[in-house]
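Hi,

Here is the structure I said I would pass on. Have a look at it first, and my notes on what turned up are underneath.

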Amino acid sequence: MPIIQTRRNFLAGLTALGTAAFASGQNSSADKIRLETTTVRLPVFAKVSDCQSPMYAATELLHAEGLTDVEFVSSGTGPDSSDWIGHGEIDFDWNYPLAHVLNIAKGAPIKVLTGLHVGCLELIANDRVVGIPDLKGKTVGVDGTTIQYLLLNVMSSYVGLDPAKDFETLVTPDAVQSLAEGKIDAFIGGPPTPQQARERKLGHVLVSTAIDKPWSQYFCCMLASTADYAGRYPMATKRVMRALLKAVDLCITNPEAVAKSAVDTGYASDYTLQAIRSDIRYDKWREYDPEDSLRFYALRMQETNAVTMRPQEVLDRGTDWRFLKELKREMKT
């Protein structure tokens with residue numbers, strides 16, 4: 001029989017993360033089935049991204065689910081994890097729906113499984129830019145990842161700008177410093193970059209995907225697996241999902257423990273706790289419909305000619321919601 005911790009003991013410190021697998025009550029009887037594999041490979045973004053902190057903090061949760069060999073992959077074929085999963089170099093990818101849609105449209109054998117959270121990316125600008133239309137004739141900084149390019153294109157096109165003609169996009173390794181020096185007029189970024197800008201009192205927020213519609217109405221990050229992993233190891237897939245979703249829940253009940261655990265891995269920044277507490281919505285994975293999020297972004301990408309595949313075809317080819325349906329029933333508390 002598993003030991004069910006009291007909430008006081010469970011939230012007492014980082015060691016409690018190891019028993020968090022039982023925080024939502026007893027697991028289903030199906031969990032007695034032996035896992036098909038005990039190995040899982042997860043991504044570490046090349047540029048620090050604090051919105052993945054629950055994943056970095058989930059090692060003990062994964063161990064509690066029977067995944068004893070947890071590997072964090074920090075490089076692969078291509079610049080970021082959306083490329084790595086497309087090449088089968090990781091088993092799961094915690095990423096923006098735009099990246100998943102692009103992969104599906106390119107024919108990558110992946111399955112989007114669930115939404116994770118809302119609102120990690122922000123568009124921040126100097127005083128010359130009051131709204132997105134004011135980006136015309138300006139320079140916008142990005143870090144070179146596929147996600148930032150795609151979201152900038154989608155956001156600007158949504159208000160009638162042509163991202164290919166109306167503004168310049170500049171790849172900059174330090175967007176905050178570039179904004180301070182006047183090299184760029186705005187930048188799009190995820191934590192810790194917006195938090196660093198606020199600390200230095202630089203710029204103002206044009207768009208927060210945690211607050212501003214329509215972006216706040218859809219998932220900012222979603223979990224995908226390779227089709228091979230989900231197909232060959234359905235029980236392991238469900239266990240991985242449950243561990244990660246419980247880590248997401250911990251961002252609400254004990255953000256301090258998640259932040260400390262993530263920072264201790266070396267994959268997260270010192271701004272992690274601020275991002276978890278104030279800037280990212282980890283309370284929506286049960287409420288929002290992940291299919292709506294993928295459909296919304298697939299349509300936006302089709303409108304900008306980033307993909308030609310119809311949204312319904314994206315959903316038909318690249319999603320598998322059966323695990324999420326089971327977990328929602330089991331993780332009600």
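**What I found**

The protein chain has 15 helices and 10 strands. Keep in mind that this is a predicted model.

Some overall figures to start. Of the 333 residues in the protein chain, 56% are buried. The accessible surface is about 14,000 Å², and carbon and sulfur atoms hold 49% of that. If you take the contacts with a separation of 6 or more, 78% of them join residues 24 or more positions apart.

Now the sheet. It is an open one, built from 5 strands in the order 7-6-8-5-9, with mixed pairing. Strand 7 (168–171) and strand 9 (204–208) are the edge strands; each has a single partner strand, so one side of each has no neighbour in the sheet. From one strand to the next, the twist averages 25°.

At the strand 7 edge, the partner is strand 6 (residues 139–142), and the two run parallel, joined over 4 bridges. If you want a residue pair to click on, Thr139 has Glu168 in strand 7 as its bridge partner. Helix 6 (residues 146–158) packs on this sheet and touches strand 5 (122–125), strand 6, strand 7, strand 8 (186–189) and strand 9. The direction of helix 6 makes about 120° with that of strand 8.

Helix 6 also packs against helix 5 (residues 97–105), at an angle of about 100° and with the axes 9 Å apart. Angles of 65 to 115 degrees count as roughly perpendicular, so that is the label for helix 5 and helix 6. On the helix 5 side, the contact is made by Leu98, Ala99 and Leu102. Helix 6 contributes Thr146, Ile147, Leu150, Leu151 and Val154.

Last, the cysteines. How many disulfides does the structure hold? The count is 0. Cys221 is in no disulfide, and the nearest cysteine sulfur, from Cys51, is 4.0 Å away. A disulfide here needs the two sulfur atoms within 2.5 Å. Is Cys221 buried or exposed? Cys221 has a relative accessible area of 3%, so it is buried. Cys251 counts as buried too, because its relative accessibility is 3%.

That's it from me. Shout if you want to go through any of this together.

Cheers

Note on methods: Residues numbered from 1 in each chain as written. Predicted model: local features only at pLDDT ≥ 70, side-chain atom pairs only at ≥ 80, totals over all residues. Heavy atoms only, no water. Pairing = 2+ DSSP bridges. Axes fitted to C-alpha atoms, helices over the stretch in contact; angles between N-to-C directions. Contact = heavy atoms within 4.5 Å. Buried < 20%, exposed > 50% of the residue type's maximum accessible area, 1.4 Å probe, protein only. Areas by Shrake-Rupley, 256 points an atom, 1.4 Å probe, with all protein chains shown as cover. Parallel < 35°, antiparallel > 145°, perpendicular 65-115°, else oblique.
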